[in-house]
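Good morning, and thank you for coming. I ask you to look at the structure on the screen while I take you through it piece by piece.

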Amino acid sequence: MSSDHVSLTTSPRTEFGSPVTRRLRKSGRVPGVLYTAGGTSVSFSIPHHDLFMAIQGHAAKTSVFAISIGDASSVPALLKDWQMNPVRNEILHVDFQEVDLKVAVQAAVPIVLVGQPEGVREGGVLDQTLHEVTIEALPDLIPEGIELDVSELEVGGVRLFSDLTAPEGVILIGDDETVVASVTVPSAVEAPESESESSEPELVGGSPDEDDSE
């Protein structure tokens, strides 16, 4: 297995249930599941600090981890899902999916817009409508993201899925006509309705035909 893979050492879990899970978390460990290539799952626990440091940043979503459970040999796996406590910023649960490094997999990776569009400098607004793209590649070739240069995008212009360029060994999956980004004209702010200039001014003190003298 590649030395670039982040190694995570875990302990097998044999006891389950809410009380057990609460005690596990109070002891500073996170419950998790490794889904194996054969379709079965293996439950484990891992120190919260080790896991938290390993899955920081967007790269963790596409990185290959070397997961070892107990005395078993490590296996390559991708981060499948995790649950967070947003208040305490703690990981509550984590799932990994075992992969074969010689078999291509599909994964969702972010689309990263690069450059400041010409249209934005002219007062337009950049709108990114597609933020992720599905790719197919060997696990070790999954990119952190797919970059798209939008520096020449003018007001009214669009960048489509067909404008994305895949790195070597990576296949992009999607519809060529899907809009990824565009520069639009900002919505005009309507001015408050004013009285028509053609309307007659309000008269004070009676009509112009009336004699002001007593």
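Asn89 counts as partly exposed, because its relative accessibility is 43%, and partly exposed means a value between the 20% and 50% limits. This residue is found in the loop between strand 5 and strand 6. Please note its backbone: Asn89 has a positive phi of about 55°, although it is not a glycine. Most residues other than glycine have a negative phi. I should say at once that this is a predicted model, and the values I give are computed from it.

Let me now step back to the whole protein. The secondary structure comes to 3 helices and 13 strands. Of the 214 residues, 32% are buried. If we take contacts between residues at least 6 apart in sequence, 62% of them join residues at least 24 apart.

We turn to the barrel. In what order do its strands close? There are 6 strands, and the order is 1-3-2-6-5-4, with mixed pairing. Neighbouring strands of this sheet are turned by 45° against each other on average, direction ignored. Helix 1, residues 18-26, packs on the sheet and touches strand 2, strand 3 and strand 6. The direction of helix 1 makes about 115° with that of strand 2.

Strand 2 deserves a closer look. This strand covers residues 29-35, and 5 of its 7 residues are buried, so strand 2 is largely enclosed by the rest of the structure. On one side, strand 2 is joined to strand 3, residues 41-47, by 7 bridges, and the two run antiparallel. As an example, the bridge partner of Arg29 is Pro47 in strand 3. These two strands form a hairpin with 5 residues between them. In the turn of that hairpin, Gly39 has a positive phi of about 100°.

Strand 2 is also joined to strand 6, by 4 bridges, and here the strands run parallel. Val33 stands opposite Asp95 in strand 6, and Tyr35 stands opposite Gln97 in strand 6.

The next element is strand 4, residues 64-69. How many of its residues are buried? The answer is 6 of 6, and strand 4 is mostly covered. In a regular strand the side chains alternate between the two faces of the sheet. In strand 4, Val64, Ala66 and Ser68 point one way, while Phe65, Ile67 and Ile69 point the other way, and all are buried.

What does strand 4 pair with? It is joined to strand 1, residues 6-12, by 5 bridges, and these two run parallel. Within this pair, Thr9 has Ser68 in strand 4 as its bridge partner. With strand 5, strand 4 pairs in the antiparallel sense over 4 bridges, and there Ile67 has Val75 as its bridge partner. Strand 4 and strand 5 form a hairpin with 5 residues between them, and Gly70 in the turn has a positive phi of about 65°.

Let us look for empty space. Rolling a probe the size of a water molecule over the atoms shows where such space is left. The largest pocket has a volume of about 310 Å³. It is lined by 16 residues, and the closest to its centre are Leu78, Leu79, Lys80, Gln97 and Gln106. Strand 5, strand 6 and strand 7 are the elements that give two or more residues to this lining. Strand 5 gives the most, with 5 residues. By class, the lining has 9 nonpolar, 2 polar and 5 charged residues.

Finally, I come to another sheet. This one is open, with 3 strands in the order 8-13-11 and antiparallel pairing. Strand 8, residues 125-128, and strand 11, residues 158-160, stand at the edges with a single partner strand each, so one side of each is left without a neighbour in the sheet. Neighbouring strands here are turned by 10° against each other on average, direction ignored.

Strand 11 is joined to strand 13, residues 179-184, by 3 bridges. One pair to find on the screen is Leu160 with its bridge partner Val179 in strand 13. Ser182 also lies in strand 13. Is Ser182 buried or exposed? It counts as buried, because its relative accessibility is 10%, under the 20% limit. Leaving aside neighbours within four places in sequence, Ser182 is in contact with Val125, Leu126, Asp127, Leu153, Gly157 and Val158.

Thank you for your attention.

Key. Residues are numbered from 1 along each chain as its sequence is written. This is a predicted model: local features need pLDDT of at least 70, side-chain atom pairs count only at pLDDT 80 or more; totals for chains, interfaces and linings use all residues. Side-chain values use heavy atoms; hydrogens and water are left out. On a 1 Å grid over the protein atoms alone, a cavity is a set of points where a 1.4 Å probe fits but cannot get out, and a pocket is an open set with protein on both sides within 12 Å along at least five of seven lines; lining residues have an atom within 4 Å of a point. Grid points are joined across faces, edges and corners, and a volume is the space filled by probe spheres set on the points. Ala, Val, Leu, Ile, Met, Phe, Trp, Tyr, Cys and Pro count as nonpolar, Asp, Glu, Lys and Arg as charged, and the others, Gly among them, as polar. Two strands pair if DSSP finds at least two bridges between them. Axes are lines fitted to C-alpha atoms, for helices over the stretch in contact, and angles run from 0 to 180 degrees between N-to-C directions. Buried means under 20% relative accessible area, exposed over 50%, partly exposed in between (1.4 Å probe, protein chains only). Contact means heavy atoms within 4.5 Å.
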